[in-house]
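Colleague: I am new to this model and would love a close look at one part of it. Could you pick a single strand and walk me through what surrounds it?

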Amino acid sequence: MIPRHQSFLFIVLLVASITLGAVLWTTLDRAHKRMLDSQESAPTQAPQVAPSEQATLMVANDAENSVTARVFSLPLPQNPEARARAILGKLFDLDAAPGATHPVPGGASSVNEVFLLPVGAGTDPATARSSSTARSGSAAGDELAVVNLASAFVSAHPSGLEAETLTILSICATLHANFPEVTEVRFLVDGQQRATLAGHADLTRTYLTGETVSTQGANP
Amino acid sequence: MRERKRIPPAGFSALSLNRVRMTGSLTAGIAAFIVLCAPAVFAQTAPAARFVVLLDAAHGGADSGARLDSELEKAYTLAFSVRLRSLLMVRGMDVVITRDSDTTVDPDQRAAVADRARPQACLSLHASESGSGVHIFVSSLAPVQPGTMLPWKTAQAAWIERSSTLAGVINSALTHAGMAVTLGRVALPAIDSMTCPAVALEIAPGQASDNSGSASLDYADYQSRVADALAAALVEWRSEDRGGRQP
């Protein structure tokens, strides 16, 4: 014989389950209707096409160990950081194209983000190399570009002193050519600091764009 | 009867004093002569100053470096450093190497070996399939005046001028040997911490001496010509008065 209090408890739980099921069903139905309503009322807006502007890309050449300026007309966004990312994306598209003078796979998706910060903001003194020279020569308005590369790009990058150095030189020189206020460049890979690009070139240091521009053509 | 001790006349005393003075002058003269002649004598008899070269075979152990056509970069650089080491030792140089087997050596350890050995030239050896000929790199640190204290990560900054001069000597030797050479600057942690004239060399594919076939890293005579040219460059570096230790 089932005790009376157990029978009572069973009935209470059964009623509670049925009630909760009904509440969930009603809530789900309301959410579905709300979603359908919002889709109907969503405004349809045509995407804006940015006007084409000229951008200078510093294209690397493995055979000559040099970086050469080439001017392209590109649709560029107004936001400076998005603009820098778009310009570097075009640079990497050139490197990924067949017959490239500096073949590196990856293309435009190799750059996750570019952040532009005032010089001195977020600089780690332990890893800032040659920073004394940079700081003493920096002026108000100078900017630090932080380039966040995709790990897939870094993994596929050819290993070698020349290949890695040219990639870094072309990035720094391209940023400086299009954003003269960018005087320093730092690199991250998927948001993390990484020791080298592909086993050689140091990615922990701060690169001075003035130095990279003066050494293009690569004479010590 | 006890003989009285005679007191010498004053003239005798003066004469003795003069003799003493003359003897002193003679001694001083001999001493001065020895002092003046000593450097010349020692210069003729002292052994020649050690000329130390550091060879840094890049990568090793867990760090394989670039994947070349026939082998890994770490194996190529080790084999090349052994070849170059024997050439330099034959020419009377002391050679210090950062590794002689397939072991992992981090950049700080390489720099520490270099800084302890106090070499007159440091060569960091690399290899790559991209480009052609030999790529010569000097640290991209901005030059600074040498001070009493050098920051570890930028110690090479005080040696940039000497390193560039060494790169020029190597460039001349390789060009003279018919190699394609490119010069550049690089941010390489191993050489950035070295306190010596330091150059990173990247050997890229080259032609065989008979110009048959495509460029390759594997031609034995190509490797031999590169090693010979580097040995000649270091002999030149030693013979010039630029092989000192001061930055």
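Modeller: Happy to! Let us start with the chain as a whole and then narrow down. This is a predicted model, and chain B is made of six helices and six strands. Along the sequence these elements follow the pattern α-β-α-β-α-β-β-α-β-α-β-α. Of the 247 residues in chain B, 43% count as buried. Among its contacts between residues at least 6 apart in sequence, 77% join residues at least 24 apart.

The part I would choose is strand 4 of chain B, residues 134–139. Is this strand enclosed or open? Six of its six residues are buried, so strand 4 of chain B is largely enclosed by the rest of the structure.

Now for its partners. Strands of a sheet pair through backbone hydrogen bonds, either parallel or antiparallel. Strand 4 of chain B pairs with strand 5 of chain B in the parallel sense, over six bridges. Strand 4 and strand 6 of chain B run antiparallel and are joined by four bridges. A good residue to find on your screen is Val134(B): its bridge partner in strand 5 of chain B is Val181(B), and in strand 6 of chain B it stands opposite Ile203(B).

Next, follow the chain onward from the strand. Strand 4, helix 4 and strand 5 of chain B make up a right-handed β-α-β unit. Helix 4 here covers residues 160–176, and strand 5 covers 181–186.

Another neighbour to look at is helix 6 of chain B, which takes in residues 220–239. Its 20 residues should span 28 Å at 1.5 Å a residue, and its end C-alpha atoms are 29 Å apart, which agrees. Several residues of helix 6 of chain B are buried, among them Tyr222(B), Val226(B), Leu230(B), Ala233(B) and Trp237(B). An α-helix has 3.6 residues a turn, so residues three or four places apart point the same way. What covers the buried residues of helix 6 of chain B includes our strand 4, along with strand 1, helix 2, strand 3, helix 4 and strand 6 of chain B.

Our strand also has a place in the contact between the two chains. That contact takes 27 residues from chain B and 23 residues from chain A. On the side of chain B that touches chain A, the elements giving two or more residues are strand 4, helix 4, strand 5 and strand 6 of chain B. Strand 5 of chain B gives the most, with five residues. By class, this side of chain B has 12 nonpolar, 11 polar and four charged residues.

One last stop is a residue in a loop that comes before strand 3 of chain B. Arg118(B) sits in the loop between helix 3 (107–117) and strand 3 of chain B. Most residues other than glycine have a negative phi, and most peptide bonds are trans. Arg118(B) is not a glycine, yet its phi is positive, at about 50°. Is Arg118(B) buried or partly exposed? There are 13 other C-beta atoms within 10 Å, so Arg118(B) is partly exposed.

To come back to where we began: strand 4 of chain B has six of its six residues buried, pairs in parallel with strand 5 of chain B, and runs antiparallel to strand 6 of chain B.

Key:
Residues are numbered from 1 along each chain as its sequence is written. Chains are lettered from A and ligands numbered from 1 in the order in which they are written. This is a predicted model: local features need pLDDT of at least 70, side-chain atom pairs count only at pLDDT 80 or more; totals for chains, interfaces and linings use all residues. Two residues are in contact if their C-beta atoms, placed from the backbone, lie within 7 Å. Ala, Val, Leu, Ile, Met, Phe, Trp, Tyr, Cys and Pro count as nonpolar, Asp, Glu, Lys and Arg as charged, and the others, Gly among them, as polar. The expected span of a helix is 1.5 Å times one less than its number of residues. A residue is buried if 20 or more other C-beta atoms lie within 10 Å of its own, exposed if 12 or fewer, and partly exposed in between; C-beta atoms are placed from the backbone. Two strands pair if DSSP finds at least two bridges between them. A crossover is right-handed if, with the strands pointing away from the viewer, the path from the first strand over the helix to the second runs clockwise.
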